[in-house]
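Grab a pencil and keep the 3D view open. Each exercise below gives you a task, and then we work through it together.

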Amino acid sequence: MPLHPDAAAFLAQRESLGVRPVNELSVEAGREQAIRVRPLPGPDDVVGHVHDRAIPGPNGDIHVRIYVAAGVTEEQHPLPVIVYFHGGGWVVGDLDTDDMRCRQFARTANAVVVSVNYRHAPEHRFPAAVEDAYAAVRWVAENAAQMGEDPGRIAVAGVSAGGNLAAVVALMAKERGGPPIAFQALIVPVTNYSFDTASYNECAEGYGLSRDAMVWYWDKYLATSEDGANPYASPLRAADLSDLPPAYVATAEYDPLRDEGDAYALRLREAGVPVVRARFEGMIHGFLGANAFIRIGREIGLALATSA
């Protein structure tokens, strides 16, 4: 279908704000730009409680932001937990850039959201972000009960590079003997170090995220090009995807990453993993719209409720 009017308006707004392709910027300028144009919470994005804290990681503290849904009754405790990883190509983004999405997930999934500010490349290349992401999920599982949360209902979720980390953490948890993960929500995820799909060719430029930007991100993230074949960088290349948690995989029509997201959903399904696959027609990688995240949050909440 044609480009959705909201996605077109989003691109026009970014142009009016002077947003430049990240591959034309320094790392620091890219990070500053991501903060400058971040979506801000609206009046409907109110949650019961938000606080920042540090948790132990494999190479020092990991900073997280914890969101608790508002209006939770005593009967609804303990709440499920969504461990969330922000996007930004493993290079840009932080707790602030995805604050609105975490609020929406806490509210619509009726859950606690733990947003993880993993180490970023190029200062900390693969697998630093992966190990931080896994350590954060382990910490949540080990401390959920004492915080009044349900250790049996933990989901991992993320957008773009964060979707990559969520998928990889699910793989790691299976291969490392835990912690148990009840659900994975992979939103326009990066799943493969490759640039030769039809969607990469069709959406190489003009839709926000470009092929050149993805080359830039991967170049900053990987220590060597050989690391791209590692399933913890490219989960689509994992030999065995069986026995992974049920998944929700969202893709956007005008997104270079569309086909690799679809391919990962198909491989999960072929491995016997229950998968809900959602294609957001007319949308682009960087903009699914608030309604999309509300819908995804409800899907996560429903999955966690039925896994109780």
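## Exercise 1: Unusual backbone spots

Asn110 sits in the loop between α3 and β4 (helices, H or I with at least four residues, and strands, E with at least two, are DSSP runs numbered from the N terminus). Before going on, note that this is a predicted model, where local features need pLDDT of at least 70, side-chain atom pairs count only at pLDDT 80 or more, and totals for chains, interfaces and linings use all residues. Residues are numbered from 1 along each chain as its sequence is written, and side-chain values use heavy atoms, with hydrogens and water left out.

**Task.** Describe the backbone at Asn110 and Asp243, and find the cis peptide bonds at Pro122 and Pro179.

**Solution.**

- Step 1. Start with the background: most residues other than glycine have a negative phi, and most peptide bonds are trans.
- Step 2. Asn110 isn't a glycine, yet its phi is positive, about 55°. With 24% relative accessibility, Asn110 is partly exposed (buried means under 20% relative accessible area, exposed over 50%, partly exposed in between, using a 1.4 Å probe and protein chains only).
- Step 3. Asp243 isn't a glycine either, and its positive phi is about 60°. Look for Asp243 in the loop between α7 (211-221) and β7 (247-254); at 67% relative accessibility, Asp243 is exposed.
- Step 4. Now the prolines. The bond from Ala121 to Pro122 is cis, with omega near 5°, and Pro122 belongs to the loop between β4 and α4.
- Step 5. Gly178 and Pro179 are also joined by a cis peptide bond, with omega about 5°. Pro179 is in the loop between α5 (161-175) and β6 (183-187).

## Exercise 2: The neighbours of β4

**Task.** Work out which strands pair with β4 and which way they run.

**Solution.**

- Step 1. Find strand β4 at residues 112-117; 5 of its 6 residues are buried.
- Step 2. Check one neighbour, strand β2 (residues 60-68): 6 bridges join β2 to β4, and the two run antiparallel (strands pair if DSSP finds at least two bridges between them). His63 stands opposite Asn117 in β4.
- Step 3. Check another neighbour, strand β3 (residues 79-85): β3 and β4 share 5 bridges and run parallel. Here Ile82 faces Val113 in β4.
- Step 4. Follow the chain from β3 through helix α3 (residues 99-109) to β4, and you've traced a right-handed β-α-β unit. Right-handed means that, with the strands pointing away from the viewer, the path from the first strand over the helix to the second runs clockwise.

## Exercise 3: Charged partners

**Task.** How many salt bridges does the structure hold, and what links Glu142 to Arg138?

**Solution.**

- Step 1. The count is 17 salt bridges (a side-chain nitrogen of Lys or Arg within 4 Å of a carboxyl oxygen of Asp or Glu).
- Step 2. Glu142 and Arg138 form a salt bridge, with their closest N and O atoms 3.4 Å apart. Both are in helix α4 (residues 128-143), and because they're 4 residues apart, about one helical turn separates them.
- Step 3. The general rule fits in here: an α-helix has 3.6 residues a turn, so residues three or four places apart point the same way.
- Step 4. Glu142 is exposed at 54% relative accessible area, while Arg138 is partly exposed at 39%.
- Step 5. Now try Asp150 and Arg153, whose salt bridge is 2.8 Å from N to O. Asp150 is buried at 17%, and Arg153 is buried at 11%.
- Step 6. For a network of salt bridges, look at Asp52, Arg65, Asp96, Asp99 and Arg103.

## Exercise 4: Rings

**Task.** Classify the pair made by Tyr84 and Phe105.

**Solution.**

- Step 1. The structure holds 12 aromatic pairs (rings of Phe, Tyr and Trp, taking its six-membered ring, pair if their centres lie within 6.5 Å; planes under 30 degrees apart count as stacked, over 60 as edge-to-face and the rest as tilted).
- Step 2. The centres of Tyr84 and Phe105 are 6.0 Å apart and their planes are at 70°, so this pair is edge-to-face.
- Step 3. Tyr84 is in strand β3 and Phe105 in helix α3, so the pair ties together parts 21 residues apart in sequence.
- Step 4. Tyr84 is buried, at 0% relative accessible area, and Phe105 is buried, at 0%.
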